[in-house]
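Reader: I should like a close look at a single part of this model, set in the context of the chain to which it belongs. Please give one connected account.

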Amino acid sequence: MDPRVIVITSGKGGVGKTTSTANLAVNLAKEGFKVVAVDADIGLRNLDLVMGLENRVVYNFIDVIEGNCRLKQALVRDKRVDNLYLLPAAQTRTKDAVNPKQMKELCNELRKEFDFILMDSPAGIEGGFQNAAAGADEALVVTTPEISAVRDADRIIGMLESMQKSPIRLIINRVRPVLIKEGDMLDVEDVLDVLAVKLIGIVPEDTSVIRSTNSGEPLTFGTDSQAKNAFENISRRIVGIEVPFINMQERQESSLLAGLKRIFRFS
Amino acid sequence: MTGITPEEPTITLKGSGKGLRFVIPPSLKGKGLWEQFSSTLDQVSEMIRQVDIIIDFQDRKIETQFFLEFLSKCLENKVPSISSWETSDETTRALFRQIGLKSGSNEKKRPRRTGREETLVISNSLRSGQRIEHDGDVIILGHINDGAEVLASGNIIACGKLKGLVHGGINSGAENIIIAFSLEAKQVRLGGMVNSSLNEDHEWWGKAVRISSDGNSLRIRELSI
């Protein structure tokens, strides 16, 4: 398999790019691939925290580009999973510290070592995003089913299309079936009607995500949860395995039924 | 007696895709103008060697003597070159043309119906941030998403959901129309009129509509498509 460089982006901030990057990186590594998660958010790095590797960061990719260290010195190996690495961003620099050409060269170096290079893009459409996307072949766009996030995702998809990234696929994050049913949240079809790209995953709203990001323990290492299963399915689809999408409504009802059963002590 | 001291007019700098624009207000005159011009050039002395410079006189009426003095100040301050001289005053524009200067109006250019325009057909949806500006009719074979814009001197037809901004009949009369297969935009513009009170409460919201003008306001009529 040729190495794949995937930028994970959104336009809007706070929709789950870093969470998605961390969890997909872990899942792909567990599938047996050699994976590096690159934090391309210079100045506002978070991927190290979400992956629980912040205490082991010594160098960052700016140091690599500027020749202050070798690539291997900047890579942080995740000891919990074989073949999983983090390449952190610099927290004390700004997005103009690198340019798209340098990022392409960095990606080309990473291609020599890794099967998957996941670029965690900053929010926005300016230089930070341009740098993150420069070396990527394909893109995962993360959105939530809210009109502001969808509009921003539409903008970013237009830009990715003009940069000829392909394929561009969509993750709809933080889905709440109850709100969809009540008409207070866009449903998946509404989002796809606007964005018109292939869907690769739907991640339900799940409190386990907050616990996971705050503790620096990606979902895969934790107990079973809807979000954990969703990210596992997305990583399988990334490598080409067909996994059917779970009906959010059925899942909501079955968890409600399970809850009732528990309350009334039915087996 | 106290009073409010009027603010001194100042030269402002604006960056744009075309370069660095020096906007010189018409009310700035005499010694104050030359001092400000010199000090502004001094502040951006490095930048002006790397970008195009546009001098925008706004609606100042310029005479030959003033212009010669302006040029001498540019030479004094070692201005490398000026790519464009902008004015909205017709007399000044005529002067610039006469002496062979590259000049432009600082009014935004809009498409104007000339009777020779073609119909532009876009065979995909427009995404947020994409903008079409065309002299003629425009047909979009898809949606116009929220954040997308279509400006046309003629008619506009959206063969999908209209959620973005459309402005038809720019610089022309009330004869143009806008058709959308599903109107879901909060604002539409036709000719010189704007309707910004569109919302889900209207009976035609989300339906195929024809938008036209009766001279005083925009009319929205549901279509059977």
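Author: Among the contacts in chain A with a separation of 6 or more, 76% are accounted for by residues 24 or more positions apart; the model in which these are computed is a predicted one. Chain A contains 12 helices and 8 strands. Its radius of gyration is 18 Å, close to the 18 Å that the globule rule gives for 267 residues, so chain A is as compact as a globular protein of that length. The C-alpha trace of chain A spans about 65 × 40 × 35 Å along its principal axes, and 48% of the 267 residues count as buried.

The part chosen for the close look is helix α7 of chain A, residues 147-162. The axis of α7(A) comes within 10 Å of that of helix α9 of chain A (residues 188-195), and the two cross at roughly 35 degrees. The crossing in which α7(A) passes α9(A) is right-handed. On the α7(A) side the contact is made by A:V150, A:A153, A:D154 and A:I157, and on the α9(A) side by A:V191, A:V194 and A:L195. By class, the residues of this contact divide into 6 nonpolar and 1 charged, with no polar residue.

Helix α7(A) also takes part in the meeting of the two chains. There, 7 residues of chain A are in contact with 8 residues of chain B. Helix α7(A) supplies 5 residues, the largest share of the side of chain A that touches chain B. That side comprises 3 nonpolar, 1 polar and 3 charged residues.

As for the partner, the domain assignment of chain B gives domain 1 (12-104) and domain 2 (120-222). The centres of these two domains of chain B, taken over C-alpha atoms, are separated by 39 Å.

Conventions: Residues numbered from 1 in each chain as written. Chains lettered and ligands numbered in written order. Predicted model: local features only at pLDDT ≥ 70, side-chain atom pairs only at ≥ 80, totals over all residues. Contact = placed C-beta atoms within 7 Å. Helix = DSSP H or I, 4+ residues; strand = E, 2+ residues; numbered from the N terminus. Nonpolar A, V, L, I, M, F, W, Y, C, P; charged D, E, K, R; others polar. Axes fitted to C-alpha atoms, helices over the stretch in contact; angles between N-to-C directions. Left-handed = near helix turned anticlockwise from the far one by under 90°. Domains from an automatic or database assignment. Rg over C-alpha atoms; globule rule 2.2 N^0.38 Å. Buried ≥ 20, exposed ≤ 12 C-beta atoms within 10 Å, placed from the backbone.
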